[in-house]
Amino acid sequence: MKKKRHNYLFEIQYIGYRYHGWMVQPGLKTVQGMIDKTINYVLGGEIKFKTLGTSRTDAMVSANHSAFELFVFDVLDEEEFLKEFNINLPSDIKALSIKKVSDEFNVIQSSKIKEYQYLFTFGAKNHPFCAPFMVSVMDDLNIDVMIEGAKLFEGQHYFGRYCKAPKEGVELTRTIDLCEIKINDVVTASFFPENSYVLNVHGKGFMRNQVRLIMGTLFMLGKGELTLDQIKESLEFSDIKKPLGYIAPASGLNLNAMSYDDEIV
């Protein structure tokens, strides 16, 4: 008799600084690889399972609130499994919750909104303890024009110049619900510089390096290397696939929050 598959949604958080991204890669330490290794240990190495992450974060990208789906051919004692899972996970990964979900649920397609944060400062080198969380731009930046530039990305636009090597058939017209730069008062530490900033970007889904390309473009705008008009033009349909800006360093990026359709979960 074929065993029934059971599906569980895990909410997690992690610091990505010492990992080569989310997805399992041979010979490299990844978040998914560490999670799979820990699940296998907790299950005693005898039960078949598979994990699927909600977002394939890049190397050194962190997550305050991410998720993955566990497909396993056994019923879990949710409370006990969550306890043992956290005991055996490394200190830079934490499981927040576990919930049984239906076969109709898909951790990637069922998400309603994803919220990314990018922390940065400028003008001086940060304390080394900042490295996993915040990027320091040594140049002076015109924050006022960057604030204005960030708002240009809101709404429905063609983002063909804000995706690294898009695959054939990928929909390049996307909608961003919120894109704004503000003074950082949400992530703090005693070793942070006196003034720091955060780019907040909200949307249903993002393409490869999209948020980091937006941030790199805004850095160039702040340095006076690009204009607001150039950014406006880059968001109009074009056969040009070369990014307007550059991919900002990964360590400043954090998947801060996400939500799911309550009717599906």
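Visitor: Which backbone nitrogen does the side chain of N254 reach?

Guide: In this predicted model, the side chain of N254 reaches the backbone nitrogen of N64, at a distance of 2.8 Å. N254 itself belongs to strand β10, which covers residues 253-260.

Visitor: Is N254 buried or exposed?

Guide: The general idea is that a residue counts as buried when its relative accessible area is under 20%. N254 has a relative accessible area of 13%, and therefore it is buried. Leaving out residues up to four places away in sequence, N254 touches S62, A63, N64, E115, Y116 and Q117. By contrast, E80 is 29 Å from N254, C-alpha to C-alpha, and 174 residues away in sequence.

Visitor: S62 appears among those contacts. Where is S62 placed?

Guide: S62 is in strand β3, residues 62-72. With a relative accessible area of 8%, S62 is buried. A polar atom of its side chain lies 2.9 Å from the backbone nitrogen of G16. Setting aside neighbours within four places in sequence, the contacts of S62 are Y14, I15, G16, P132, L253, N254 and L255.

Visitor: I15 is one of those contacts. Which residues form a nonpolar patch on the surface with I15?

Guide: Y17 and M60 form the patch with I15, and together the three have about 240 Å² of accessible area. I15 sits in the loop between β1 (6-14) and α1 (31-42). Its relative accessibility is 33%, so I15 counts as partly exposed.

Visitor: I should next like to read a helix. Which residues of α3 are buried?

Guide: Helix α3 spans residues 143-151, and its buried residues are I143, V145, M146, G149 and A150. When one looks down the axis of α3, these buried residues fall within an arc of 155°, so they line one face of the helix.

Visitor: What do the buried residues of α3 pack against?

Guide: They pack against three strands and two helices: β5 (111-122), β8 (173-183), β9 (197-203), α4 (210-222) and α5 (228-234).

Visitor: Which residue caps the N-terminal end of α3?

Guide: That residue is N142, which has a side-chain oxygen 3.2 Å from the backbone nitrogen of D144.

Visitor: How many salt bridges does the structure hold?

Guide: The general idea is that side chains of opposite charge can pair when their charged atoms come close. The structure holds four salt bridges. One of them joins the side chains of R212 and D58, at 2.9 Å from N to O. R212 lies in helix α4 and D58 in the loop between β2 (49-53) and β3, so this pair ties together parts that are 154 residues apart in sequence. R212 is buried, with a relative accessible area of 13%, whereas D58 is partly exposed at 24%.

Visitor: Which residue forms a salt bridge with K223?

Guide: K223 pairs with D139, and their closest N and O atoms are 3.7 Å apart. This pair links distant parts of the chain, 84 residues apart: K223 is in the loop between α4 and α5, and D139 is in the loop between β6 (135-137) and α3. K223 is partly exposed at 29% relative accessibility, and D139 is partly exposed with a relative accessible area of 40%.

Visitor: Which residue forms a salt bridge with K151?

Guide: The partner of K151 is E154, with 2.6 Å between the closest N and O atoms. K151 is partly exposed, with a relative accessible area of 37%, and E154 is partly exposed at 23%.

Notes. Residues are numbered from 1 along each chain as its sequence is written. This is a predicted model: local features need pLDDT of at least 70, side-chain atom pairs count only at pLDDT 80 or more; totals for chains, interfaces and linings use all residues. Side-chain values use heavy atoms; hydrogens and water are left out. Patches are made of residues with over 30% relative accessible area and no salt bridge: like charges are joined within 9 Å, nonpolar side chains (Val, Leu, Ile, Met, Phe, Trp, Tyr) within 5 Å. Accessible areas come from the Shrake-Rupley method with a 1.4 Å probe; for residues, only the protein chains shown count as cover. Helices (H or I, at least four residues) and strands (E, at least two) are DSSP runs, numbered from the N terminus. Buried means under 20% relative accessible area, exposed over 50%, partly exposed in between (1.4 Å probe, protein chains only). The arc is that of the directions from the helix axis to the C-beta atoms. Contact means heavy atoms within 4.5 Å. A polar contact is a pair of N or O atoms within 3.5 Å; within protein, one must be able to donate a hydrogen and the other to accept it, and residues adjacent in sequence count only if both atoms are side-chain atoms.
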